[in-house]
Amino acid sequence: MTDLEKKIVAKIPGEDTGIEVKRSLCAICSPGHHCGVDCYVKDGEIIRVEGTEEHPYNHGKLCTKGSALRNYVYRKDRLKTPMLRVGERGEGKFKEISWDEAYQIIAEKLGKVKETYGANSVAFLSGYCKWYRPILHRFCHVFGSVNFGTDDCTCSASKVIADKVTAGCGAGPDMAHANTFLGWNYEGYYSSHLSVAGVQKLKARGGKVIIIDIRETPASKNYADLFLHINPGTDGALALGMGKLIIDNGWADMEYVEKYTYGFEQYKALCDAYPLSKVSEITGLKEEEIYEAAKLYATNGPACTNYSASALVHHINGFNAHRAIVCLSALTGNFDRAGGNVPNPPTYLHKPAGFKTREHEFRSNRYPGTARRIGAEKFPLWEAQFDETQSMELLNQLETGRPYPIKAIFALGMNAKMYPETDHLLKAMSENLDFFCLTDMFDTMTAKYADLVLPACSSVERGELKAYQGGYLTFTKPVIKPLYESRSDVDILCDLARIMDLDDELLKSGYEKCCDWMIEGCGLTVADLKKSDLPVKVPIAKWPAVPGKILENGFKTKTGKFEFYSTAIADIDPSFGLDPLPVYYDSLRDQNDPETKENYPFYLCTGARLAHAVHSRTHEVPWLRSLRPDPTCEVNGEDADRLGLKDGDTVELYSPVGAIRVKCQLTWKIKPGTILMLHGYDEANVNNLIPRNHLDPYSGYPGFKGMRCNIRKVERK
Ligand SMILES: Nc1nc2c(c(=O)[nH]1)N[C@H]1C(S)=C(S)[C@@H](COP(=O)(O)OP(=O)(O)OC[C@H]3O[C@@H](n4cnc5c(=O)[nH]c(N)nc54)[C@H](O)[C@@H]3O)O[C@H]1N2
Ligand SMILES: Nc1nc2c(c(=O)[nH]1)N[C@H]1C(S)=C(S)[C@@H](COP(=O)(O)OP(=O)(O)OC[C@H]3O[C@@H](n4cnc5c(=O)[nH]c(N)nc54)[C@H](O)[C@@H]3O)O[C@H]1N2
Ligand SMILES: [Mo]
């Protein structure tokens, strides 16, 4: 009897259960956290899901979403077959067609747009799913278009670029060797529950924890020795103020600064403009708590910092705020030092695993020319640093046709609700596109606007390549057959490469061959990986990362140093006004005219993570939806009293560009003046409240977590 068979017998006495336990992974959240799952399968259906105890990443643990994986896979609105639009765009009227017909239509329509307007008029876009991206990215380039774009235009790329132009690369917290953890907008339990173990261990060793957040969270309650309940969008000022305290009090590691950094004098002059009293006023924090935080971080080292993938950079001053925080780690000699922040290059799909793959080469070695990608003209720093579209400009480009028209979108997992002014985007797509093809697992609001919809299968119905920290690699096997007529995204792309006869033998040879190409040199092939239903240790992997390599060999910046003053930003045309120093400015600076200030007095933070939801994809999962049945905004109790709002009231949340109706929940976890609202609901899409041009000029990122709004009670009819 195999171990898995024993497991069933132990759980369900009697041998003839007809149940098989098969292993796969849960792909509901980002690939940084894809947990191993044991699926109990009976008669071709998953009847139970548990975390895989032997899995080197999650060791049997599952989060709220993972526990609802079965519910997610069997969502009622799964797409079943390819469908061709027969009604108006947005109406949702389709007829079922065969896969062969669908492929023929795609080949013909994309070919026609390419012939008429040029290949760049076709954009290849993806939402939050990452697993198929290398294939889609290459497909886009081989087709001849430069316009490959993903949710990276709103997710973590801003942070990645800010790291790159400051230190040449990013660096993660070395929790295992730190004495102090600076959890700058770290809420662990909600967005990355497995990371909490590192904080727990640090505390158990007597380490200290500082949490800086705009809301009380389980992390701030359970672990913070110091909790800085900061005013939203003011982190840049706090980081510069902490820099000043560290310099003035002689807590800086000046030997490190002199040896490894560039632009210190200019940085010091910038910090000098942020004395304690001023920082206290901007951030709403007491002078003593700012002082104590700076002192603890700088004098109880080694100290490591958590950098949120998105929370800070979702403010229009967030790119610089992130840079200012990273500067603190060089100022205190904690960058590339044990117990500080240690660089660890990604192996595959953003995940560091201690070895290299040829993913980047696979994606980029067929780059088709010199045209400028969507968003490049407005965001030159983005263009210089990140090889994707900055799709926050998609709406403007669709509407104006400038600098060139976008006439077709071929998208996988694209959700228009990710974009500010969603309704305008959908309208612009309806009015300006000749062809919109969307592949998704579910029948979404965006799918209703597509001309052709293709059904994708889920992670448990496909095989996929994945790397894990610790030096692991896996290639999963399907645990059930694809539901209905759904197919794996990568099979769809490779089928199309053949049908369209793209000039790329590798793509045409299929996903597994492409994976073999990318992992060549690591000592294992897809066939080797498939022999195991658990991740396999890669022989050449070196884990954990050894600190000090960059200090020894030089930073990957123009000066070879850690750049307080960024030479990469200095290289950008000065007419864009991008400052090479991490300057602070108001996160509402484009909304501060007296009228807007008066009419929209609240600070709206959207999408701060909660345990039961991942973007739009989980709101229709019954178990998860039951944890918060209504779209709900959180309002501070004092504000609620003033406005006469009670828990559960229906309110209108509105901004200069839109309004939604939601339930109101009273809370003391946020300061007066702030409102929290989750994104991704069809019936209450908060991104319709966010103006399309409320963007960070460095990254092009929208101010999802920082903009003006107002709220009023709606009388029930
Ligand atoms: N207001 C506000 N907006 C935000 C954010 C915020 O905090 N506030 N966060 C931003 C961030 S950080 C991100 S990452 C984005 C994410 O935003 P989105 O990309 O909108 O994320 P999802 O809605 O989870 O997923 C997109 C689509 O992928 C589909 N999908 C799921 N699995 C598969 C699959 O295997 N194959 C295919 N083809 N499709 C699949 C889902 O059904 C869904 O329709 O949202 C951004 N938007
Ligand atoms: N459950 C769940 N987990 C997720 C996701 C999800 O949708 N749901 N999405 C995944 C994705 S795509 C991403 S990008 C990551 C994001 O992961 P995180 O960055 O951890 O997510 P957030 O909860 O948006 O932000 C972290 C904290 O920042 C705080 N914050 C907001 N504004 C400010 C501010 O101005 N200053 C300070 N100091 N703090 C602020 C929020 O209150 C929150 O507690 O999460 C991933 N994990
Ligand atoms: Mo994200």
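Colleague: What makes the link between Arg 617 and ligand 1 a polar contact?

Modeller: A polar side-chain atom of Arg 617 sits 2.6 Å from an oxygen atom of ligand 1. A polar contact is a pair of N or O atoms within 3.5 Å (within protein, one must be able to donate a hydrogen and the other to accept it, and residues adjacent in sequence count only if both atoms are side-chain atoms), so this pair qualifies. Arg 609 also reaches an oxygen atom of ligand 1 with a polar side-chain atom, at 2.9 Å. Gly 413 uses a backbone N or O atom instead, 3.3 Å from a ligand 1 oxygen.

Colleague: How do you know how much of ligand 1 the protein covers?

Modeller: On its own, ligand 1 has 920 Å² of accessible area, and the protein covers 98% of that. Such areas come from the Shrake-Rupley method with a 1.4 Å probe; for residues, only the protein chains shown count as cover.

A word on the ground rules, since this is a predicted model: local features need pLDDT of at least 70, side-chain atom pairs count only at pLDDT 80 or more, and totals for chains, interfaces and linings use all residues. Residues are numbered from 1 along each chain as its sequence is written, chains are lettered from A and ligands numbered from 1 in the order written, and side-chain values use heavy atoms, without hydrogens and water.

Colleague: Which residues are closest to ligand 1, and how many surround it?

Modeller: There are 33 around ligand 1, and Asn 415, Asp 489, Ser 616, Arg 617 and Asn 687 are the closest. A residue counts as near if one of its heavy atoms lies within 4 Å. Domain 2 (83-156 + 349-537) and domain 4 (589-713) each supply at least three residues of this shell; the bounds come from an automatic or database domain assignment.

Colleague: What polar contacts does ligand 2 have?

Modeller: One of its oxygen atoms is 2.7 Å from an N or O atom in the side chain of Asp 213, and for His 315 the corresponding distance is 2.8 Å. A nitrogen atom of ligand 2 is 3.0 Å from a polar backbone atom of Tyr 190. Of the 900 Å² that ligand 2 exposes when taken alone, the protein buries 96%. Its shell draws at least three residues from each of domain 3 (171-342) and domain 4 (589-713).

Colleague: What is the area buried between domain 2 and domain 3?

Modeller: It comes to about 250 Å², with carbon and sulfur atoms giving 59%. Buried area is the accessible area (1.4 Å probe) that two parts lose on being put together, summed over both. On the domain 2 side, Thr 154, Cys 155 and Leu 381 lose the most, together 79% of what that side buries.

Colleague: How many salt bridges are counted between domain 2 and domain 3?

Modeller: The count is zero. A salt bridge needs a side-chain nitrogen of Lys or Arg within 4 Å of a carboxyl oxygen of Asp or Glu, so no pair between these domains meets that test. One residue pair in polar contact is counted between them, with both residues at pLDDT 80 or more.
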